[in-house]
Amino acid sequence: NDVVSAVVDGATPTRAWREYLGLTQSEVARRMVVSQAAYAQMEGPRGKPRKTTLRKIAGALGIALDQLDF
């Protein structure tokens with residue numbers, strides 16, 4: 001419910017999950033082996049990550065891909 005509420009309030013699913021899990025952008029970026037700035041662009045409102053990138057984000061967050069794709 002918290003994640004869906006955050007998305008309804010304007011967060012991207014990626015950001016909503018990251019914040020729900022208590023992770024920083026730097027932590028997720030480190031797990032993905034990208035810079036924090038690169039991850040911030042993926043997570044931002046203008047970011048449109050490809051399916052392969054979404055798989056990497058999901059893996060870094062420890063969730064299933066379909067949890068990001070709604």
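## The aromatic pair

Search this whole structure, which is a predicted model, and you find one aromatic pair. The partners are tryptophan 17 and tyrosine 20: their ring centres sit 5.8 Å apart and their planes meet at 90°, so the pair counts as edge-to-face. The cut-off for that label is an angle over 60 degrees.

Both residues belong to helix H2, three residues apart, which puts about one helical turn between them. Tryptophan 17 is also buried, with a relative accessible area of 13%; the limit for that word is under 20%.

## The overall fold

Now for the protein as a whole. It has five helices and zero strands, and from the N terminus on the order of elements reads α-α-α-α-α. The radius of gyration comes out at 11 Å, close to the 11 Å that the globule rule gives for 70 residues, so the protein is as compact as a globular protein of that length.

If you want a feel for the dimensions, the C-alpha atoms fill a box of roughly 30 × 25 × 20 Å along the principal axes. Of the 70 residues, 36% are buried. Looking at contacts with a separation of 6 or more, 42% of them come from residues 24 or more positions apart.

## The largest pocket

How much space lies in the largest pocket? The figure is about 170 Å³. Its lining is made up of 13 residues, and the closest to the pocket centre are Pro13, Thr14, Gly47, Pro49 and Leu54. Two elements give two or more residues each to this lining: helix H2, covering 13–20, and helix H4, covering 36–43.

As for chemistry, the lining is a mix: six residues are nonpolar, four are polar and three are charged.

## Methionine 42 in helix H4

Methionine 42 lies in helix H4, and at 17% relative accessibility it counts as buried. Which residues does methionine 42 contact once you leave aside its neighbours within four places in sequence? The list is Met32, Val34, Gly47, Pro49, Thr53 and Ile57. Two names there, Gly47 and Pro49, also appear among the residues closest to the centre of the largest pocket.

For a sense of distance, take asparagine 1: it is 41 residues from methionine 42 in sequence, and their C-alpha atoms are 23 Å apart in space.

## Alanine 29 and valine 33

Alanine 29 is found in helix H3, residues 25–32. Is alanine 29 buried or exposed? It is buried, with a relative accessible area of 1%. Not counting residues up to four places away in sequence, alanine 29 touches Val34, Ser35, Gln36 and Tyr39. Val34 is a contact of methionine 42 as well. Glycine 62 is 33 residues along the chain from alanine 29, with 13 Å between the two C-alpha atoms.

Valine 33 sits in the loop between H3 and H4. At 73% relative accessibility, valine 33 counts as exposed, whereas alanine 29 is buried. The backbone is worth a look here too. Most residues other than glycine have a negative phi. Valine 33 is not a glycine, yet its phi is positive, at about 60°.

Key
Residues are numbered from 1 along each chain as its sequence is written. This is a predicted model: local features need pLDDT of at least 70, side-chain atom pairs count only at pLDDT 80 or more; totals for chains, interfaces and linings use all residues. Side-chain values use heavy atoms; hydrogens and water are left out. On a 1 Å grid over the protein atoms alone, a cavity is a set of points where a 1.4 Å probe fits but cannot get out, and a pocket is an open set with protein on both sides within 12 Å along at least five of seven lines; lining residues have an atom within 4 Å of a point. Grid points are joined across faces, edges and corners, and a volume is the space filled by probe spheres set on the points. Helices (H or I, at least four residues) and strands (E, at least two) are DSSP runs, numbered from the N terminus. Ala, Val, Leu, Ile, Met, Phe, Trp, Tyr, Cys and Pro count as nonpolar, Asp, Glu, Lys and Arg as charged, and the others, Gly among them, as polar. Rings of Phe, Tyr and Trp (its six-membered ring) pair if their centres lie within 6.5 Å; planes under 30 degrees apart count as stacked, over 60 as edge-to-face and the rest as tilted. Buried means under 20% relative accessible area, exposed over 50%, partly exposed in between (1.4 Å probe, protein chains only). The radius of gyration is taken over C-alpha atoms; the globule rule is 2.2 Å times the number of residues to the power 0.38. Contact means heavy atoms within 4.5 Å.
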